[in-house]
Amino acid sequence: AQGNIEPAFLANVNAGTDSEISKITHTVYTDVNGEEQERIVITGNFTSFNGQKVSGLVVLNPDGTLDPDFVLHKEDGQPRLEGGMANFAKIVDLTPYSAQHSPYLVVTGTFDKYDGVTRQGFLILDMEGNAIQKFNVPGRFSGQLHDAQYSLTSDNANGLLLTGNFFSFDGKEMNNIVMLKIELQNVVEETEG
């Protein structure tokens, strides 16, 4: 309340990152089990967090500890994100009015691949760090996202509203705002299958 540094959070982040943090997002969401969760997502030009190897993208619990469920490295220690870095990441519940919630991490950046598959600057990950194939565009995303929000589209379908400073999405010219239509049935099938 007085603006003092939170000692428990400081103790948990300990060494912090080895380079600059460029973006922080905070989200309170309902997980797939119907429980309320809170996460902090940071992106930037860093390769370690609190002494652990990371690839410029970290998901934290509210107390500053790493979310153990979110994995951004392969079993051999190699990064899943290749050819660049993330410059934005935010958790968005793509089914906020459904009994079955589907929170996902929207990620943009300068990267070319994720898990060896071409992902030209845009991808959507589940809360364990797995790419959702049907939500990854084949064309290049160029620029910087500032926000990603759940929204209804003009035809009353579920959508993802992206805003920021970007000029290309899926290889098409854009002017800083775009709405994606999200097929929720495909999300449920893909996470169950």
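This passage describes the nonpolar cores of a predicted model and the surroundings of two of its residues. Local features need pLDDT of at least 70 and side-chain atom pairs count only at pLDDT 80 or more, while totals for chains, interfaces and linings use all residues. Residues are numbered from 1 along each chain as its sequence is written, and side-chain values use heavy atoms, without hydrogens and water.

The largest nonpolar core (buried Ala, Val, Leu, Ile, Met, Phe, Trp, Tyr and Cys residues joined through side-chain atoms within 4.5 Å) has 20 residues, of which Val106, Phe122, Leu160 and Leu162 touch the most other members. Two or more residues each come from strands S7 (86–93), S8 (103–109), S11 (122–125), S12 (142–152), S13 (158–169) and S15 (177–181); strands are DSSP runs of E, at least two residues long, numbered from the N terminus. S13 gives the largest share, four residues. Beyond four places in sequence, the contacts (heavy atoms within 4.5 Å) of Leu160 include Val92, Val106, Ile124, Ala148 and Val178. A second, separate core has 17 residues, among them Val59, Leu81, Leu105 and Met127.

Phe167 also lies in strand S13. Phe167 counts as exposed because its relative accessibility is 53%, where exposed means over 50% relative accessible area, buried under 20% and partly exposed in between (1.4 Å probe, protein chains only). The C-alpha atoms of Phe167 and Ser142 are 6.1 Å apart, although 25 residues separate the two in sequence.

His73 is located in the loop between strands S5 (57–60) and S6 (81–82). With a relative accessibility of 15%, His73 counts as buried. Outside four places in sequence, His73 touches Lys53, Val54, Ser55, Gln78, Pro79 and Arg80.
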